[in-house]
Amino acid sequence: MRIPITLKSSTNTDKIFKIGVTIAATYVLAILVLMVYELSIGSFPVWEEEGFSFLTGSDWNAVEERESFGAAPYILGTLVTAALAMAMGVPISIGIAMFLSEIAPKFIREPLSFIVELLAAVPSVIYGLWGLFVFRPYFINWIETPLHNMFGDNVWFLSGAPFGLDIFTASVILAIMIIPTISSVSREIMLAVPNQQREAAYMLGATKLEVFKMAVIPYSKSGLIGASILGLGRAVGETMAVTMLIGNAIGPAAFPYSLFQAGQTMSSIIANEFNEASPAGLHIHALIGIGLILFGVALAINIVAHLLVARVLKAHEGAVQA
Amino acid sequence: MITAKQRAEFRTHFRYNVKKRLIIDKIATGIVIGFVALAIIPLGSILLEVTKNGSAALSIEFLTQIPGAIGTGEGGIGPAIQGTMLIIAASSMIGVPIGILSGIFLSEFGDNRYAKTIRFFNDVMAEFPSIVIGIFAFLVIVLVLGHFSLWAGAFALSIIMLPIIARTTEESLKLVPITYREAGYALGLKRWIIITRIVLSSAKSGMITGIMLAVARIGGETAPLIMTILGSSQFFSGFDGPIDALPLRIWRLSLLPYDSAQAQGWGAALILILIVLSVNIGVRYIFLRKSGGAGLFYFRSVKRRQR
């Protein structure tokens with residue numbers, strides 16, 4: 001290999017190189033800004049037509065002359081499925097992270113972390129396929145039907161005959177999908193807790209669970225919240241598996257009322273209807289408008305999550321290490 | 001003075017207390033192990049079902065033919081496999097150079113507020129809802145050019161892979177010892193030559209790990225492809241028409257009410273999962289063993305930002 005040598009310490013080629021990599025790095029920022037601009041322009045007609053009622057309305061009619069669009073059921077659908085997935089996924093994930101960082105012996109730790117991360121690598125369309133043909137029949141027979149038979153008449157959110165393509169199934173699949181994300185980040189955060197914290201608690205005679213409660217949790221609380229919010233970000237943006245399992249209700253019927261009822265989320269309605277919408281009408285602008293709302297929600301969630309996670313891991317870098 | 005009676009009382013209290021706490025600890029451990037099992041069962045079941053149902057559909061014809069008439073169960077997923085390969089190649093052509101250059105910026109010129117901002121938004125973008133990126137690609141490419149195309153899909157997927165590659169490259173470059181750079185300076189080399197010839201080649205394996213994991217990630221992406229490449233039942237015929245891709249084909253097949261379509265869906269899923277998981281496992285196995293540092297880093301630190 002011939003290596004060009006120069007005696008000048010700083011040259012024009014160096015400056016050009018620096019400018020080049022700076023421009024490449026700016027690309028991601030430019031994309032983000034352009035995305036806001038394009039989504040705003042693309043959805044402008046629907047905001048103009050519907051105004052604020054695009055956020056609060058529930059009509060969804062793409063027929064020409066009678067066009068009317070309201071995104072409220074889908075916004076609520078996203079919030080409800082994500083909240084349910086978090087309620088199921090977060091405790092399980094924190095438990096897994098606790099096992100991986102505190103309890104498991106060394107020889108299972110690494111393989112198990114690897115397996116948990118493989119779960120994150122499975123494409124979401126395969127989760128959807130599996131959920132649709134394998135998980136759903138079991139879920140109807142073993143969980144949904146017994147729940148409905150026991151409480152269906154008295155509890156409003158368990159009413160309606162379970163069919164499997166509903167908000168509950170979609171939320172459970174979402175929970176399965178966010179567990180790897182939350183548990184691997186939480187594990188990182190727990191490993192960042194200085195060992196002196198644990199040793200001090202052990203010295204006082206604490207059991208493993210007590211060490212976890214006394215020494216690990218208080219130190220890593222904000223990081224664990226950040227990890228959960230990262231999972232929330234994934235649950236909110238997840239498209240394919242939800243689209244395949246939520247039943248895809250439209251209009252006022254999509255308001256989440258019962259767990260055993262077909263629903264719709266922001267991302268699933270975009271996936272379902274985008275190709276059918278004609279660019280001439282208002283329909284496609286309404287879908288882009290939903291995309292803009294989803295963009296805002298996801299951006300806010302991700303920013304908060306990364307700030308929280310970064311704070312904990314940075315504190316660790318500065319801390320005295322054993 | 002503590003009497004003997006008080007001492008005995010205290011001892012029983014203490015024993016009771018310790019026993020109770022130990023039992024609670026055991027129960028908690030049991031619950032947590034149950035959680036781990038709960039998380040692993042889906043993975044096991046997915047792998048099992050995909051292998052079982054998918055291998056039944058496999059044949060040379062299935063892998064190479066275009067799809068037959070709907071519901072007949074004839075034909076195959078040839079265009080989908082070809083499309084996935086093409087789109088991975090095309091998005092890598094856009095995403096890899098820009099990602100590596102951004103990584104160089106973050107690592108070598110990254111000690112200022114601007115770089116911190118870029119780094120932060122790379123992390124934020126790594127988790128972004130892919131369907132929104134799909135809409136964006138639709139607006140800036142499909143609408144402008146007037147047709148669905150390979151490039152629209154590749155543009156969308158390159159946005160997804162870019163932050164992953166940028167951050168892994170940055171972290172692999174940071175692992176190269178400063179003395180390597182100093183040796184270059186001592187020889188009187190220009191900075192860009194030090195970076196491209198010395199630093200990059202020392203950090204190669206970590207960067208390849210990042211690139212391969214980004215490829216595995218976009219290989220399974222479905223949502224942004226819906227509005228960019230549309231899907232097709234023909235082989236690639238040019239850059240101005242719709243093409244097919246495996247995840248898109250799986251989705252479409254799963255919506256059809258025929259058993260034969262579902263069987264084909266499982267077959268396509270098997271091919272897709274083979275690609276994605278073999279890249280994941282292979283890359284980690286090879287580079288974790290060989291290079292320790294960079295590969296291990298990925299394991300440790302970037303994975304938490306990805307997905």
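Visitor: Which residues in helix 9 of chain B does helix 6 of chain B meet?

Guide: Welcome! This is a predicted model, and in it the helix 6 side of the contact includes Leu157(B), Ile160(B), Met161(B) and Ile164(B). Further along helix 6 of chain B, Ile165(B), Thr168(B), Thr169(B) and Ser172(B) take part as well. In helix 9 of chain B they meet Gly206(B), Met207(B), Thr209(B), Gly210(B), Ile211(B), Leu213(B), Ala214(B), Arg217(B) and Ile218(B).

Visitor: How many of the residues of that contact, of helix 6 of chain B with helix 9 of chain B, are nonpolar, polar and charged?

Guide: Take the members by class: Leu, Ile, Met and Ala count as nonpolar, Arg as charged, and Gly among the polar ones. Both helices contribute residues, including Leu157(B) from helix 6 of chain B and Arg217(B) from helix 9 of chain B. The division is ten nonpolar, six polar and one charged.

Visitor: Are helix 6 of chain B and helix 9 of chain B roughly parallel or antiparallel to each other?

Guide: Helix 6 covers residues 150-174 of chain B and helix 9 covers residues 204-219 of chain B, and their axes are 8 Å apart. They pack at an angle of about 160°, and angles over 145 degrees count as roughly antiparallel. The two helices of chain B, helix 6 and helix 9, are therefore roughly antiparallel.

Visitor: What is the handedness of the crossing of helix 3 of chain A and helix 1 of chain B?

Guide: Helix 3 (residues 72-103) of chain A and helix 1 (residues 4-57) of chain B pack at about 110°, with their axes 8 Å apart. That angle makes helix 3 of chain A roughly perpendicular to helix 1 of chain B. The crossing of helix 3 of chain A with helix 1 of chain B is left-handed.

Visitor: How many charged residues does the contact of helix 3 of chain A with helix 1 of chain B have?

Guide: From helix 3 of chain A come residues including Ile92(A), Met98(A) and Phe99(A), while helix 1 of chain B offers, among them, Val32(B), Phe35(B) and Leu38(B). Twelve residues of this contact are nonpolar and two are polar. The number of charged residues is zero: there are no charged residues.

Visitor: What radius of gyration does chain B have?

Guide: Chain B has 13 helices and zero strands, and its C-alpha trace spans about 95 × 65 × 35 Å along the principal axes. A compact globule of 307 residues would have a radius of gyration near 19 Å. For chain B the value is 26 Å.

Definitions and conventions: Residues are numbered from 1 along each chain as its sequence is written. Chains are lettered from A and ligands numbered from 1 in the order in which they are written. This is a predicted model: local features need pLDDT of at least 70, side-chain atom pairs count only at pLDDT 80 or more; totals for chains, interfaces and linings use all residues. Helices (H or I, at least four residues) and strands (E, at least two) are DSSP runs, numbered from the N terminus. The radius of gyration is taken over C-alpha atoms; the globule rule is 2.2 Å times the number of residues to the power 0.38. Axes are lines fitted to C-alpha atoms, for helices over the stretch in contact, and angles run from 0 to 180 degrees between N-to-C directions. Angles under 35 degrees count as roughly parallel, over 145 as roughly antiparallel, 65 to 115 as roughly perpendicular and the rest as oblique. Two residues are in contact if their C-beta atoms, placed from the backbone, lie within 7 Å. A crossing is left-handed if the near helix is turned anticlockwise from the far one by less than a right angle, and right-handed if clockwise.
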